[in-house]
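Visitor: I'd like to go through a few of the labels used for this model. Could you take me through how each one is earned?

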Amino acid sequence: MQIVPIPAFKDNYIWAMINDAQQVLIVDPGDAVPVIQFLTQQNLKLAGILITHHHWDHTNGISELLQHAKVPVFGPAHDPVPEITIPLSENQQAQLSGFPLFSIIDIPGHTLGHIAYYADGVLFAGDTLFAGGCGRIFEGTAAQMYSSLLKLKSLPGETKLYCAHEYTLANLRFALHVEPKNDALIRRYEAVEKLVSQTGISLPSQLSDEIQTNPFLRCQLSHIKHSAELYARQALKSEAEVFAVIREWKNKS
Ligand SMILES: [Zn+2]
């Protein structure tokens, strides 16, 4: 099984999971054109589509891909995406012959219906957990988003994170403001800078690295709370409040 990024728009990745039979599962096709081009060039067969949430840059390519091949479209039961044929929510699974059985995790916050797909150490997290950061809170509350991130944080440390945007360097630059003395973060920033300049892509990342360097997964730590309190100029009572302040800080940075 191979997972390959198909770049789209300015900084989106449409992930392609390819099995030994040259069949492909496409994740969040915001644009059909680069996907069809990829399938044609590599001589691959579209087998199914996974959708994490309803935003246009994750869904606009679905209809055109369905004209190309009638395949199942897995997606969130509680986000409005009319092309979805198999609506899913937590405790259900996405099952497609020839591919791993994905567990569904409800992760509201960025959108209310946002779901993640997890199987065999692979996590498709859409716009909720990014390498070095997290998505904006458009529909849910900060508390919802934080509890969604904690669910993803509880997956095995060796899990590979396939998120939908190349935001890593900007995220880590912000993380250094929150946590300037985190050695793992300083080392990661340097490593990612080198990786991106050589390959143009920083993904996938590993969940254990996120837990050591992503401030949004580290709100329980007293020095992060202190940093958030200095920014907010007030005492913060809970981890979720620390999270909300850091998210707001990132929005304004
Ligand atoms: Zn989105």
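Visitor: Why are H5 and H6 called roughly antiparallel or roughly parallel to each other?
Guide: This is a predicted model, where local features need pLDDT of at least 70, side-chain atom pairs count only at pLDDT 80 or more, and totals for chains, interfaces and linings use all residues. Residues are numbered from 1 along each chain as its sequence is written, and side-chain values use heavy atoms, with hydrogens and water left out. Now, helix H5 (residues 168-178) packs on H6 at an angle of about 160 degrees, with the axes 10 Å apart. Angles over 145 degrees count as roughly antiparallel, and under 35 as roughly parallel, so H5 and H6 are roughly antiparallel.

Visitor: Which residues make the contact?
Guide: Contact means heavy atoms within 4.5 Å. On the H5 side, Thr168, Leu169 and Leu172 are among them, and on the H6 side, Tyr189, Val192 and Val196 are included.

Visitor: Where is Ser202, and what makes Ser202 buried or exposed?
Guide: Ser202 sits in the loop between helix H6 (183-199) and strand S14 (205-206). Its relative accessible area is 6%. Buried means under 20% and exposed over 50%, with a 1.4 Å probe and protein chains only, so Ser202 is buried.

Visitor: What joins the side chains of Ser202 and Thr168?
Guide: A polar contact of 2.5 Å. The term needs a pair of N or O atoms within 3.5 Å, one able to donate a hydrogen and the other to accept it. Another polar contact, of 2.6 Å, joins the side chains of Ser202 and Glu166.

Conventions:
Helix = DSSP H or I, 4+ residues; strand = E, 2+ residues; numbered from the N terminus. Axes fitted to C-alpha atoms, helices over the stretch in contact; angles between N-to-C directions. Parallel < 35°, antiparallel > 145°, perpendicular 65-115°, else oblique.
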